[in-house]
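User: I want the reasoning behind the labels, not just the labels. Please take me through this model with the cut-offs in hand.

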Amino acid sequence: MTSALEALERLKEGNRRYVSNVKSLDALASHGRRADFVAEQKPIAVVLGCSDSRVPAEMVFDQGLGELFVIRVAGNIVAPSQVGSVEFAAARFGTPLVVVLGHSHCGAIGATIDQLTGRGSSPSRNIRSIVNRISPSIAGLVETDLRDDPEALMEEAVRANVRASANHLRHGSELLEQLIGEGTLMVVGAEYCLDSGRVDFFDLQESA
């Protein structure tokens, strides 16, 4: 059984390969082993990431078929369906690690900033539901001097939103809290840089 720390190290190693334009032979070979995953799966990590087309988790972490349980939604927000999906993977497959993966230049974060600063047009009801999920985590930043520095505001907002989502998973589910308390699950927050391809794991939970 892979531990959370072992899974985290595998993701870090995979990202280093990705940044270096090196592809794991194991990841490549996994495509030819589809039959091995028909009866069961044992993903090493859940990745709750943004829907952005530039941030495909399997490529960013250089993982093969059956390695990651990926949940993608604009702004990597946490709503009941996302919590349930994480619970499912953790309980059914024993997946030990959850990564909330935000990224630089996130469009959903930008749309939320525009709404909070009065610069954006009124979004549809469904888009507003995403903006409303993000707003509480970044509203305070808009009231600071960062308001006059759009690039710095975006950077801080992306990370604040990741922290909020990670904390929601840590403390918003009795099942996940139990698994974390037992030391069988770890939730971490990370940011992917579109420019460099690097993933920075900046919001780490100590293993129990």
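User: What makes you say that β3 is mostly covered?

Analyst: This is a predicted model, and every value here is computed from it. The label for β3 rests on a count: seven of its seven residues are buried. Buried means under 20% relative accessible area.

User: Which residues of β3 sit on which side?

Analyst: Leu97, Val99, Leu101 and His103 are on one side. Val98, Val100 and Gly102 are on the other. All of these are buried, so both faces of β3 are covered. The split follows a general pattern: in a regular strand the side chains alternate between the two faces of the sheet.

User: Why is histidine 103 called buried?

Analyst: Its relative accessible area is 1%. The cut-off is under 20%, so histidine 103 counts as buried. Histidine 103 lies in strand β3. Leaving aside neighbours within four places in sequence, its contacts include Cys50, Asp52, Val158, Glu191 and Tyr192.

User: And why is glycine 94 only called partly exposed?

Analyst: Glycine 94 has 27% relative accessibility. Buried needs under 20% and exposed needs over 50%, so 27% falls in between. Glycine 94 sits in the loop between α4 and β3. Beyond its neighbours within four places in sequence, glycine 94 is in contact with Met1 and Ala89.

User: How far is glycine 94 from arginine 34?

Analyst: Their C-alpha atoms are separated by 21 Å. Along the chain the two are 60 residues apart.

User: What is the strand order in the sheet, and what is the pairing?

Analyst: Five strands form an open sheet in the order β2-β1-β3-β4-β5, with mixed pairing. On average, neighbouring strands are turned by 30 degrees against each other, direction ignored.

User: What makes β2 and β5 edge strands?

Analyst: Each pairs on one side only. β2 covers residues 68-72, and β5 covers 199-203.

User: How do you know that β1 and β3 are paired, and in which sense?

Analyst: Pairing takes at least two bridges. β1 and β3 have five bridges, so they count as a pair, in the parallel sense. Glycine 49 stands opposite leucine 101 in β3.

User: How many bridges join the other neighbours, starting with β1 and β2?

Analyst: Five bridges join β1 to β2, and these run parallel. Leucine 48 has isoleucine 71 of β2 as its bridge partner. β3 and β4 pair in the parallel sense over seven bridges. There, valine 99 stands opposite valine 188 in β4. β4 (residues 186-192) and β5 pair over four bridges, in the antiparallel sense. Tyrosine 192 is the bridge partner of valine 199 in β5.

User: What makes β1 count as mostly covered?

Analyst: Five of its five residues are buried. Ala45, Val47 and Gly49 are buried on one side, Val46 and Leu48 on the other. Both faces of β1 are covered.

User: Which strands does α4 lie across?

Analyst: Helix α4 (residues 80-93) lies across β1, β2 and β3. α4 runs at about 170 degrees to β2.

User: Which residues of α8 are buried, and why are they placed on the same side?

Analyst: Leu176, Leu179 and Ile180 are buried in helix α8 (residues 174-182). They cover an arc of only 100 degrees around the axis, which puts them on the same side of α8. Glu174 and Gly181 are exposed on the other side. α4, α7 (150-171) and β4 are among what covers the buried residues.

User: What is the phi of glycine 183, just after α8?

Analyst: Glycine 183 takes a positive phi of about 80 degrees.

User: How many cavities of 30 Å³ or more are there?

Analyst: The count is one. About 30 Å³ of space lies in the largest cavity. As a general point, rolling a probe the size of a water molecule over the atoms shows where empty space is left.

User: Which residues line the largest cavity?

Analyst: Val47, Gly49, Cys50, Val55, Ala57, Val70, Ile71 and Arg72 line the largest cavity. The elements giving two or more residues to this lining are β1 and β2. β2 gives the most, with three residues.

How values were computed: Residues are numbered from 1 along each chain as its sequence is written. This is a predicted model: local features need pLDDT of at least 70, side-chain atom pairs count only at pLDDT 80 or more; totals for chains, interfaces and linings use all residues. Side-chain values use heavy atoms; hydrogens and water are left out. Axes are lines fitted to C-alpha atoms, for helices over the stretch in contact, and angles run from 0 to 180 degrees between N-to-C directions. Contact means heavy atoms within 4.5 Å. Buried means under 20% relative accessible area, exposed over 50%, partly exposed in between (1.4 Å probe, protein chains only). The arc is that of the directions from the helix axis to the C-beta atoms. On a 1 Å grid over the protein atoms alone, a cavity is a set of points where a 1.4 Å probe fits but cannot get out, and a pocket is an open set with protein on both sides within 12 Å along at least five of seven lines; lining residues have an atom within 4 Å of a point. Grid points are joined across faces, edges and corners, and a volume is the space filled by probe spheres set on the points.
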